[in-house]
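Welcome! Please take a moment with the sequence and the model, and then let us walk through them together.

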Amino acid sequence: MSQPFKIGFVLFDDLTQLDFTGPLQVLSRIPGAEIYLVAPTLEPVLTDCGPFILPTMTLADCPQLDLICVPGGFGIDDAMQNSEIINFLKTQAQTAQYVTSVCTGSFVLGAAGLLEGKRATTHWSYHDALSRVGAIPVRERVVRAGNTFTGGGVTAGIDFALTIVREIAGDGVAEAIQLGLEYDPSPPVNSGSPDKARPEILAMAQDRFAPRLKKFHAAMDVVLTDS
């Protein structure tokens, strides 16, 4: 592993806060990690639950990264159409050791042509749409395809990040980080995936996502038309 190991998160308005902060909390603990929070400008970035995040560097000023990560969120609709973000990803991916995403951030990678012919995952409600960006959908929590790692929805970002830590720094470091964070899930309910949710709960969630998916597919139509 190079020292320092440069890790960059691409930020955009209306990203899902835990998509970003979950992996950040894990990956920042890799020995020698150097974190970059990059965005088109240094203006505060609004998350989906209210708090702002302050980028530390613009896309234009960012050095070559060892690992690049794109979180998800409703803001992917605009991020997929942002030529500065897409060009940044294409350039960084040429020499980055790891190209990664969490949740629907996979579609931003896909819009940059970085998932073509690769196995990938995303949030369960968007899963079937991965083929629209040339990816091969795989229903797993973390999927690796060469140097490309994709994580499933939101909380899967923690498993995703620990998987990368194992790859970079070994089991011992991953275990120590897991213990330090007391990451030992034992939820009081068992409805964390479509396979486990009761039918009426799944239907409720699908109804909630339906308007959002309509907007997402409309944005995807524009991306595919322009590409």
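A residue is called buried when its relative accessible area is under 20%, exposed when that value is over 50%, and partly exposed in between. Keep those cut-offs at hand, and keep in mind that this is a predicted model. With a relative accessible area of 25%, V154 falls in the middle class, so V154 is partly exposed. We will come back to V154 further on, but let us start with the whole chain.

The protein chain is built from seven helices and eleven strands. Its radius of gyration is 17 Å, close to the 17 Å that the globule rule gives for 227 residues, so the chain is as compact as a globular protein of that length. If you draw a box around the C-alpha atoms along the principal axes, its sides come to roughly 50 × 45 × 35 Å. Within the chain, 47% of the 227 residues count as buried.

How do the parts of the chain meet one another? Take the contacts with a separation of 6 or more: 65% of them are between residues 24 or more positions apart. Turning to the outside, the protein chain exposes about 10800 Å², and carbon and sulfur atoms supply 53% of that area.

Now for the charges. The chain carries 16 positive and 25 negative charges, and the mean positions of these two groups are 5 Å apart. Side chains of opposite charge can pair when their charged atoms come close. In this model, the count comes to eight salt bridges, and three of them are worth a visit.

The first stop is the salt bridge in which the side chains of E140 and R119 meet, with 3.8 Å from N to O. This pair links distant parts of the chain, 21 residues apart: E140 sits in the loop between β9 (136–137) and β10 (142–145), while R119 belongs to strand β8 (residues 119–120). E140 has a relative accessible area of 41%, so E140 is partly exposed. R119 is partly exposed too, with a value of 35%.

The next stop is the salt bridge between the side chains of R144 and E167, where the N to O distance is 2.8 Å. Here again distant parts of the chain are linked, since R144 is in strand β10 and E167 is in helix α5 (residues 156–169), 23 residues apart. R144 is partly exposed, at 41% relative accessible area, and E167 is partly exposed, at 34%. The last stop on this part of the tour is E200, which forms a salt bridge with R198; the closest N and O atoms of this pair are 2.5 Å apart. E200 counts as partly exposed, at 43% relative accessibility.

Next, let us look at a few single residues and their surroundings. Is T58, in strand β5 (residues 57–58), buried or exposed? Its relative accessible area is 14%, which is under the 20% cut-off, so T58 is buried. Leaving aside neighbours within four places in sequence, T58 is in contact with V38, A39, P40, T41 and L42.

P40 also turns up beside another residue, E84, which is found in helix α3 (residues 83–93). Not counting residues up to four places away in sequence, E84 touches P40, L59 and A60. A39, a contact of T58, lies 45 residues from E84 in sequence, and their C-alpha atoms are 9.4 Å apart in space. E84 is partly exposed, with a relative accessible area of 36%.

For another distance, find Q25 in helix α1 (residues 17–27). The C-alpha atoms of Q25 and G134 are separated by 31 Å, and the two residues are 109 residues apart along the chain. Q25 is partly exposed, with 39% relative accessible area.

Finally, a word on the backbone. Most residues other than glycine have a negative phi. As promised, we return to V154, which is not a glycine and yet has a positive phi of about 45 degrees. V154 lies in the loop between β11 (148–151) and α5. E182, which is not a glycine either, has a positive phi of about 45 degrees. Where should you look for E182? E182 is in the loop between α6 (171–180) and α7 (199–226). The relative accessible area of E182 is 69%, so E182 is exposed.

Note on methods. Residues numbered from 1 in each chain as written. Predicted model: local features only at pLDDT ≥ 70, side-chain atom pairs only at ≥ 80, totals over all residues. Heavy atoms only, no water. Helix = DSSP H or I, 4+ residues; strand = E, 2+ residues; numbered from the N terminus. Rg over C-alpha atoms; globule rule 2.2 N^0.38 Å. Buried < 20%, exposed > 50% of the residue type's maximum accessible area, 1.4 Å probe, protein only. Contact = heavy atoms within 4.5 Å. Areas by Shrake-Rupley, 256 points an atom, 1.4 Å probe, with all protein chains shown as cover. Lys, Arg positive; Asp, Glu negative; His and termini not counted. Charge placed at Lys NZ, Arg CZ, Asp CG, Glu CD. Salt bridge = Lys/Arg side-chain N within 4 Å of Asp/Glu carboxyl O.
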